[in-house]
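This report concerns a protein model and the way its strands and helices are arranged. Please keep the sequence and the three-dimensional view at hand while reading.

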Amino acid sequence: MDEYFVKLNTVSKCVPALKSLIPMLEYKLVYGQNNAANLNEEVLKNDEKIYGLIKRFNVDKESKISIFKVTPNSCYNWHTDGIRCAALNMLLAGYDSMALMGRKDGIFFRDVERVPYEPDRYVLLNTSINHSVYNFAEDRYLLSLGIPMEFSYQEVANYIKENEL
Ligand SMILES: [Fe+2]
């Protein structure tokens, strides 16, 4: 299993509904670093296996289902997530962007890999690994399901494999 991320096979059926929500939501600064709007898990009910994962890992219990917004020509600097062990993400808009993961080595980041976002596909990220986002042409909107710290990236990756997500 990859230490950085896992690409899921699941093709989302919820993207049209999610995209229609984008302009209606209010994006607020959370954790002092993200422009985010929280969603109810019901919007993902048609992605049955993802919905099962949400219930299994208590993603809904702490309002950890969000759409993150990054404005054009912005960089979300290198960091690790302190409040979640992993994130199950899907890029909804803003493909002129790069999400990178890597290991800190002084002023460098080494072993850098680009997160392979594709339309309608989920990627599980190990958010204890340093990551950053560079966004260019348009607003970038990312669906992000935060897995609480009581679990581990490994556990979620195993669940995805066992349940053929
Ligand atoms: Fe992050």
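The sections below treat the sheets, one covered strand, the helices and two backbone angles in turn.

## The seven-stranded sheet

The model is a predicted one. One of its sheets is open and has 7 strands in the order β1-β9-β6-β11-β4-β3-β2, with antiparallel pairing. At its edges lie β1 (5-11) and β2 (28-30), each of which pairs on one side only. On average, neighbouring strands of this sheet are turned by 35° against each other, direction ignored. Helix α3 packs on the sheet and touches β1, β6 (84-93), β9 (121-126) and β11 (140-148). The direction of α3 makes about 150° with that of β9.

In general terms, the strands of a sheet pair through backbone hydrogen bonds, either parallel or antiparallel. Within the 7-stranded sheet, the edge strand β2 pairs with β3 (residues 34-38) in the antiparallel sense over 3 bridges. There, L29 stands opposite N35 in β3.

## Strand β4

Further along the order, β3 and β4 are joined in the antiparallel sense over 4 bridges. A37 has I67 in β4 as its bridge partner. The pairing of β4 with β11 is likewise antiparallel and extends over 6 bridges; in this pairing, F68 stands opposite L142 in β11.

How many of the residues of β4 are buried? The strand is mostly covered, with 6 of its 6 residues buried. Both of its faces are involved: I65, I67 and K69 are buried on one side, and S66, F68 and V70 are buried on the other. I67, the partner of A37, and F68, which stands opposite L142, thus belong to opposite faces of β4.

## The four-stranded sheet

Another open sheet consists of 4 strands in the order β5-β10-β7-β8, and its pairing is antiparallel. Its edge strands are β5 (74-79) and β8 (108-114), each pairing on one side only. The average turn between neighbouring strands of this sheet is 25°, direction ignored. Strand β7 (residues 97-105) is paired with the edge strand β8 in the antiparallel sense over 5 bridges. Within this part of the sheet, K104 stands opposite F109 in β8.

The strand pairs described above, with their bridges, are listed here.

| Strand pair | Sense | Bridges |
|---|---|---|
| β2 and β3 | antiparallel | 3 bridges |
| β3 and β4 | antiparallel | 4 bridges |
| β4 and β11 | antiparallel | 6 bridges |
| β7 and β8 | antiparallel | 5 bridges |

## The helices α2 and α3

An α-helix has 3.6 residues a turn, so residues three or four places apart point the same way. The buried residues of α2 are I50, L53 and I54. They lie on the same side of α2, because they cover an arc of only 105° around the axis. E48 and K55, on the other side of α2, are exposed. The cover over the buried residues of α2 includes β1, β6, β9, β11 and α3.

Which residues of α3 are buried? In this helix, Y153, V156 and I160 are buried. Their arc around the axis is only 70°, which puts them on the same side of α3. On the other side of α3, K161 and E162 are exposed. The buried residues of α3 pack against β1, β6, β9 and β11. These strands are also among the elements that cover the buried residues of α2.

## Positive phi after the helices

Two residues other than glycine take a positive phi, and each comes just after a helix. Just after α2, N58 has a phi of about 55°. N58 is found in the loop between α2 (48-56) and β4 (65-70). Is this residue buried or partly exposed? N58 is partly exposed, because 13 other C-beta atoms lie within 10 Å, and a residue counts as exposed at 12 or fewer and as buried at 20 or more.

The second case is E164, with a positive phi of about 50° just after α3. E164 lies in the segment after α3 (153-162). Because E164 has 9 C-beta neighbours inside 10 Å, this residue counts as exposed.

Terms used
Residues are numbered from 1 along each chain as its sequence is written. This is a predicted model: local features need pLDDT of at least 70, side-chain atom pairs count only at pLDDT 80 or more; totals for chains, interfaces and linings use all residues. Two strands pair if DSSP finds at least two bridges between them. Axes are lines fitted to C-alpha atoms, for helices over the stretch in contact, and angles run from 0 to 180 degrees between N-to-C directions. Two residues are in contact if their C-beta atoms, placed from the backbone, lie within 7 Å. The arc is that of the directions from the helix axis to the C-beta atoms.
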